[in-house]
Amino acid sequence: MSEVNIAKRKEKCENCTKQGNEGSQLLLSACLSCDGCLSDEDTLKISQQGLEEVERVLALNKKCDASKHKVLVASVCPQSLPFFAVKFGVDIAEAAHKLCGFLKHIGVQYVFDTTLAAGFSILESQKEFIQRYRRRHHDSHALPMFTSSCPGWIRYSERVLGSLVTPHICTARSPQQIMGCLVKDYFSKQQKLSPEKLYHVVVAPCFDKKLEAVREEFYNSMLETRDVDCVLTSGQIYYLMEQRKVSVEELDSVPLDQVLGDGGDVALVRHDGRGSEGFLEHVFKHAAKELFGVDVQEITYKTLRNRDFQEVTLERDGETLLQFAAVYGFRNIQTLVHRMRKGRVPYQLVEVLSCPGGCLSGRGQAESEGGAGRLDKALVNQMEEIYSSLPVRLPEFNPTLHTLYQDWLEGQDSSQTRKLLHTEYRDKSHGHAQPPHMQW
């Protein structure tokens with residue numbers, strides 16, 4: 001994020017605050033869509049998550065003694081690849097290869113795709129939902145379970161909603177942070193390198209992922225290293241290409257690397273769901289089978305308020321067995337939380353994402369050239385079409401995941417699995433359910 005953007009957001013945030021202090025009502029959705037509520041500490045952390053920092057590391061590698069070099073590793077979110085496919089005018093597999101070629105051209109040694117980490121996150125979320133469902137009668141915080149891979153939602157939950165929501169958030173780490181553990185813990189050992197020798201960059205569609213990377217629990221104070229050192233948005237990477245005057249035609253097509261060594265080219269796949277990680281669909285199918293012995297092949301969404309507020313129901317003999325919801329965008333989140341305060345949430349699981357349309361619509365890649373927070377709808381539609389062209393692969397049938405559970409984590413129910421694949425969310429609201437000028 002550029003310094004200019006940070007300055008604009010802080011200015012906008014101060015204006016909103018002034019309006020609130022002057023007695024006018026500020027809508028929740030208007031406030032949070034600004035994303036401007038950053039403390040000085042947040043701003044400093046974000047300033048270390050920019051292109052300048054990555055270029056500094058690359059420049060040091062060219063200047064300093066080889067013993068002091070950082071090994072650069074990039075992990076690319078699958079939701080970023082459709083952006084490059086559109087910009088490059090190629091299919092998604094070729095876009096991945098061209099992006100890999102560019103990253104290696106500038107000095108990145110390894111380029112991974114985060115689908116493997118998303119598989120871990122989905123499997124752990126499925127397991128946690130079953131546990132929560134089975135203790136629902138004696139644990140008031142068990143359900144509904146909120147999926148947790150959206151930093152905007154997490155930040156809002158911790159800082160504004162507090163104890164109303166935080167106990168309900170699934171503890172499985174996001175794909176980004178599990179990828180961080182894979183790189184800094186497993187991959188570093190495979191390469192016989194200490195974690196601090198690796199500089200791990202994640203390419204993501206969303207600016208909020210930068211704030212997730214700098215959370216305290218993802219920092220190893222003994223080794224002075226983060227699981228993810230820097231998050232760059234798809235738009236920032238494309239800007240870097242333009243800055244260096246690199247054309248798509250002159251880029252080599254280079255296959256992505258694999259965490260488990262060289263097994264040939266990586267077959268790009270996606271998980272179920274609309275342009276996000278598909279937690280809702282995977283957990284729904286798993287829970288239907290595990291809890292009720294029902295095989296769900298196709299999921300039918302029922303649109304409620306709009307395309308970004310939908311629900312999925314499992315029924316048998318007129319009885320509703322499961323009821324899940326997908327709630328995207330802060331206007332819909334406002335409605336969800338209002339119902340939760342009144343105890344009127346019928347869902348056992350809610351997939352919550354702060355961006356309308358899901359992760360493909362992240363402002364790090366889908367904002368129109370005019371800026372001002374407006375989405376480039378034509379670009380989003382193209383990206384959705386490209387993303388849906390990827391084949392779906394269930395993480396349960398991925399042999400690499402099963403190998404890593406044993407070789408890296410010492411089993412699916414081990415303390416190592418709990419430590420590296422899960423986290424916790426805290427009430428940081430200081431007892432304020434919402435700012436006094438916030439209108440529900």
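Which residues have the most contacts inside the largest nonpolar core? They are F129, F146, W153 and L322, in a core of 47 residues. The model is predicted. A search of the whole structure turns up 19 salt bridges and 0 disulfides.

**Nonpolar cores**

- The largest nonpolar core counts 47 residues. Helices α7, α8 (151–161), α12 and α13 (330–341) each give two or more residues to this core. So much for the helices; strands β4 (145–146), β10 (309–316), β11 (319–328) and β12 (349–353) also give two or more each.
- Strand β11 supplies the largest share of this core, 7 residues.
- W153 is one of the residues with the most contacts inside the core. Leaving aside residues up to four places away in sequence, W153 touches F146, T147, L161, V165, I333, V337, V352 and S354.
- Another core lies apart from the largest one. This other core has 44 residues, including F83, C100, L103 and Y199.

**A buried asparagine**

- N332 sits in helix α13. Its relative accessibility is 4%, so N332 counts as buried.
- Which residues does N332 touch, not counting residues up to four places away in sequence? The contacts are R305, N306, D308, F309 and V327.

**Salt bridges within a helix**

- Side chains of opposite charge can pair when their charged atoms come close.
- E53 and R56 form a salt bridge, at 2.7 Å from N to O. Both belong to helix α4 (residues 51–63). They are 3 residues apart, which means a separation of about one helical turn.
- Both partners are partly exposed: E53 has a relative accessible area of 21%, and R56 has 42%.
- E124 pairs with K127 in a salt bridge, with the closest N and O atoms 3.3 Å apart. This pair lies in helix α7 (residues 115–134), again 3 residues apart, or about one turn of the helix.
- Is E124 buried or exposed? E124 is buried, at 2% relative accessibility. Its partner K127 is partly exposed, at 23%.
- Salt bridges with shared partners join E158, R215, E217 and K428 into one network.

**A salt bridge between distant parts of the chain**

- The side chains of E55 and R244 meet in a salt bridge, at 2.7 Å from N to O. The two residues are 189 residues apart and link distant parts of the chain.
- Where do the partners sit? E55 is in helix α4, and R244 is in the loop between α11 (234–243) and α12 (279–292).
- E55 is partly exposed, with a relative accessible area of 26%. R244 is also partly exposed, at 34%.

**Cysteines**

- The structure holds 0 disulfides.
- Why is C206 not bonded to C355? The sulfur of C355 is the closest cysteine sulfur to that of C206, but the gap is 5.2 Å, too far for a bond. A disulfide needs the two sulfur atoms within 2.5 Å.
- C206 counts as buried, at 13% relative accessibility.
- Seen from the other side, C355 is in no disulfide, and its nearest cysteine sulfur is that of C206. C355 counts as buried too, at 17% relative accessibility.

Terms used: Residues numbered from 1 in each chain as written. Predicted model: local features only at pLDDT ≥ 70, side-chain atom pairs only at ≥ 80, totals over all residues. Heavy atoms only, no water. Salt bridge = Lys/Arg side-chain N within 4 Å of Asp/Glu carboxyl O. Helix = DSSP H or I, 4+ residues; strand = E, 2+ residues; numbered from the N terminus. Buried < 20%, exposed > 50% of the residue type's maximum accessible area, 1.4 Å probe, protein only. Core = buried A, V, L, I, M, F, W, Y, C linked by side-chain atoms within 4.5 Å. Contact = heavy atoms within 4.5 Å.
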